[in-house]
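Reader: I am new to this structure and would love a close look at one part of it. Could you pick a spot, take me through it slowly, and then show me how the rest of the chain fits around it?

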Amino acid sequence: RFAVVEQGPPIEVFLLNKLFTDDTNKNKVNLGVGAYRDENGKPWVLPVVRKMEKQMAADETLLHEYLPVLGLEQFSNSSVSMLLGEDSPAIAEGRAFGIQVLSGTGGLRVGAEFLNKHLKYTTFYYSNPTWENHHLVFVNSGFTNPRVYRYWDDKTCAINFDGMIEDLKNAPENSVILLHACAHNPTGIDPTQEQWIKIADVMEERKLFPFFDSAYQGFASGDLDRDAWAVRYFVKRGFELVCAQSYAKNFGLYNERVGNLSVVVSDSKLIPAMKSQLTWVVRGMYSNPPAHGARVVANVLSDKKLFDEWRDHIKVMSARVMQMREALRAELVKLGTPGNWDHIVKQIGLFSYTGLTSKQCEYLIQEHHIYLLKSGRINICGLNPSNVQYVARAMHDAITK
Ligand code: PMP
């Protein structure tokens with residue numbers, strides 16, 4: 001029976017982590033997985049999360065009973081407010097709701113299956129390039145027609161906006177367009193507000209459906225509201241949409257799988273039927289979500305003082321990323337490394353798309369013990385004051401050898 005099973009391919013980012021862990025070289029640097037690291041290269045449990053967890057551990061009224069299929073309502077309501085803004089007319093009109101899901105991936109998966117099953121959508125478009133899991137999640141959800149829209153121009157290390165618009169103009173009606181709400185992974189380049197307006201124009205005209213992926217709210221600019229601008233703009237324009245929100249990065253709750261699927265509809269009357277069908281989608285997938293991480297997030301988001309503390313943590317993380325961008329570019333310029341390195345500081349979020357070729361990346365891994373994806377994407381938080389010079393010198397070597 002089981003002899004029919006063939007070896008599957010490795011997942012690049014997890015393989016890279018293993019190679020890094022197994023590497024005994026003292027200079028090794030992990031620029032692969034998209035997780036925050038502090039200035040000493042260590043993971044950071046946010047102090048407000050630690051505080052909340054201690055409080056919860058002491059609270060004997062907290063039980064391990066099942067949550068409802070759609071999760072904690074307080075958590076979802078707070079998440080919708082964080083995304084759309086507390087004063088959002090869509091919330092006031094009762095046209096927005098959320099359901100708790102298994103982090104960002106779970107939101108994409110549940111949202112996609114719902115759109116496929118109940119709206120019969122089969123075509124989806126994702127940016128070229130995008131987060132490597134988008135394709136698989138949508139195909140597994142029943143979407144049979146995957147397509148890409150142009151996004152990155154490797155000659156200019158900037159967005160290929162004309163290409164993107166042309167591809168959207170050619171998309172068939174009712175295609176689902178996957179859009180990164182902010183801090184595009186892997187390129188670190190977001191459309192400008194003027195460009196978002198044009199994207200909305202084309203999507204409205206072509207009757208395309210926006211599916212936002214918000215895995216980095218707070219990480220693009222350090223400001224939660226500014227990072228939600230695109231989603232809020234689409235809502236203001238009157239689009240119905242869904243948005244998968246992840247708390248992996250901005251709360252540092254990677255392995256707790258805390259996420260929300262926010263939904264905005266044209267009429268509040270539509271919501272009960274939609275919730276009933278989402279309940280069946282989740283029921284058949286994992287029955288109901290875990291409570292711990294969602295309780296942490298819900299408690300922080302609904303308490304003004306804790307919320308402000310969390311906002312300060314986000315500022316600390318995003319500011320450190322920006323400093324490291326500056327430091328890496330400064331080192332490369334100092335070394336006279338061929339090429340223009342301005343894109344490293346122009347890009348935002350955790351990642352930089354360096355423009356290194358896959359051969360150069362391979363060389364960095366083999367010769368310098370610096371682990372990065374073969375697309376040339378680096379996680380900027382893997383850099384710190386003790387290793388940034390080493391990384392710049394190694395990049396210089398890889399480029400000039
Ligand atoms: N979307 C994007 C663009 C991402 O980068 C990630 C995390 N790497 C996710 C979704 C989902 O992450 P998670 O399921 O851990 O929240």
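Author: Let's begin with Lys120, in what is a predicted model. Lys120 counts as exposed because just 9 C-beta neighbours fall inside 10 Å, and a residue is called exposed at 12 or fewer. You will find Lys120 in the loop between α5 and β3. Its backbone deserves a glance too: Lys120 is not a glycine, yet its phi is positive, at about 60°. To get a feeling for distances, look from Lys120 to Gly218: the two are 98 residues apart in sequence, and their C-alpha atoms are 34 Å apart in space.

Now step back along the chain from that loop into helix α5, which covers residues 103-118. Which helix does α5 meet, and at what angle do their axes cross? The partner is helix α11, residues 271-285, and the two axes come within 10 Å and cross at roughly 120°. That angle makes α5 oblique to α11, because it falls outside the 65 to 115 range for roughly perpendicular and is not over 145. The crossing of α5 and α11 is right-handed. On the α5 side, the residues taking part are Val110, Glu113, Phe114, Lys117 and His118. They meet Gln277, Leu278, Val281, Val282 and Met285 of α11. Sorted by character, the residues of this contact are 6 nonpolar, 2 polar and 2 charged.

On the other side of the Lys120 loop comes β3, which spans 123-128. The loop between β3 and α6 (134-140) is home to Pro129. A cis peptide bond joins Asn128 to Pro129, with omega about 5°.

Both features of this stretch, the positive phi and the cis bond, have counterparts further along. Take the cis bond to begin with: Asn185 and Pro186 are also joined by a cis peptide bond, here with omega about 15°. Pro186 sits in the loop between β7 (176-180) and α8 (193-205). Following α8 onward brings you to the loop between α8 and β8 (209-214), where Lys207 is found. Like Lys120, Lys207 is not a glycine but has a positive phi, in this case about 55°. Is Lys207 buried or exposed? Lys207 counts as exposed, because it has 11 C-beta neighbours inside 10 Å.

For the opposite situation, turn to Val296, placed in helix α12 (residues 292-301). Val296 is buried: 25 other C-beta atoms lie within 10 Å, and 20 or more are enough for that label. Setting aside neighbours within four places in sequence, the contacts of Val296 are Val49, Met52, Glu53 and Leu253. A further marker is Ile314, which is 18 residues from Val296 in sequence and 16 Å away in space, C-alpha to C-alpha.

Another helix pair is worth setting beside α5 and α11. Helix α15 (residues 358-368) and helix α16 (residues 388-400) have axes that come within 10 Å and cross at roughly 125°. The two helices are therefore oblique to each other. Their crossing is right-handed. Gln360, Tyr363, Leu364 and His368 of α15 make the contact with Ala394, Ala398 and Ile399 of α16. This group divides into 5 nonpolar, 2 polar and no charged residues.

Finally, here is the whole chain around these places. The protein chain has 16 helices and 13 strands. Its radius of gyration is 21 Å, close to the 21 Å that the globule rule gives for 401 residues, so the chain is as compact as a globular protein of that length. The C-alpha atoms fill a box of roughly 65 × 55 × 55 Å along the principal axes. Of the 401 residues, 46% count as buried, Val296 being one of the buried residues. Among contacts with a separation of 6 or more, 75% come from residues 24 or more positions apart.

Technical notes: Residues numbered from 1 in each chain as written. Predicted model: local features only at pLDDT ≥ 70, side-chain atom pairs only at ≥ 80, totals over all residues. Helix = DSSP H or I, 4+ residues; strand = E, 2+ residues; numbered from the N terminus. Rg over C-alpha atoms; globule rule 2.2 N^0.38 Å. Contact = placed C-beta atoms within 7 Å. Axes fitted to C-alpha atoms, helices over the stretch in contact; angles between N-to-C directions. Parallel < 35°, antiparallel > 145°, perpendicular 65-115°, else oblique. Left-handed = near helix turned anticlockwise from the far one by under 90°. Nonpolar A, V, L, I, M, F, W, Y, C, P; charged D, E, K, R; others polar.
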